[in-house]
Amino acid sequence: MKHSIWLYILVSAAVSYLIRVTPLVLIRREITNRTLRSFLYYVPYVTLAVMTFPAITEATQSPLAGLLALIAGAVLAWRGGSLFLVAVACCVVVLVSELILV
């Protein structure tokens, strides 16, 4: 059975279009439900976290080095460290961890 690539492209385009258009058609007024508004507010942050956190641990030779860098970066950021300081500290933690672990 032979399938056409154009059929696959057409179906994926239609699905993408419907996913984006359906909320615009169904929701015509402002959302006033506090729970739903709160949920929608945090969706971009959760999506970014879900994509970023696995990449942090898988980008190093040892997942433990990535986890240690994640913890160090989170602690520094929580205590008010600048983006540059957090990035440098994470790089140093990965470097030292890789030298010790591998």
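How many residues has helix H1, and how far does helix H1 reach from its first C-alpha to its last? Helix H1 covers residues 5-26, which makes 22 residues, and reaches 32 Å between those two atoms. That is close to the 32 Å expected at 1.5 Å a residue. The model described here is predicted.

## Overall layout

The chain holds four helices and zero strands. Read from the N terminus, the order of elements is α-α-α-α.

The radius of gyration of the chain is 21 Å. For a compact globule of 102 residues, a value near 13 Å would apply. Along the principal axes, the C-alpha atoms fill a box of roughly 55 × 50 × 20 Å.

## Helix H1

A side-chain contact sits at the start of H1. There, a side-chain oxygen of serine 4 comes to within 3.2 Å of the backbone nitrogen of tryptophan 6.

Further along, H1 has a kink of about 30 degrees at arginine 20. The kink comes shortly before a proline, proline 23.

## Helix H2

H2 spans residues 34-58. With 25 residues at 1.5 Å a residue, H2 should span 36 Å. The C-alpha atoms at its ends lie 37 Å apart, so the expected and modelled spans agree.

The start of H2 also has a side-chain contact. A side-chain oxygen of asparagine 33 lies within 2.9 Å of the backbone nitrogen of threonine 35. H2 is kinked by about 40 degrees at valine 43. Again a proline follows shortly: proline 44.

## The largest pocket

The largest pocket contains about 180 Å³ of space. Three helices each give two or more residues to its lining: H2 (34-58), H3 (63-78) and H4 (83-101). H3 gives the most, with five residues.

The lining runs from Phe53, Ile56, Ala59 and Thr60 through Gly66, Ala69, Leu70, Gly73 and Ala74 to Cys90, Cys91 and Val94. Which classes of residue make up this lining? Nine are nonpolar and three are polar. Charged residues are absent from the lining of the largest pocket.

Methods
Residues numbered from 1 in each chain as written. Predicted model: local features only at pLDDT ≥ 70, side-chain atom pairs only at ≥ 80, totals over all residues. Heavy atoms only, no water. 1 Å grid on protein atoms, 1.4 Å probe; cavity = no way out; pocket = protein on both sides within 12 Å on 5 of 7 lines; lining within 4 Å. Points joined across faces, edges and corners; volume = space filled by probe spheres on them. Nonpolar A, V, L, I, M, F, W, Y, C, P; charged D, E, K, R; others polar. Expected span 1.5 Å × (residues − 1). Bend = angle between axes of the 7 residues up to and from the residue. Polar contact = N/O pair within 3.5 Å; in protein donor to acceptor, adjacent residues only side chain to side chain. Rg over C-alpha atoms; globule rule 2.2 N^0.38 Å.
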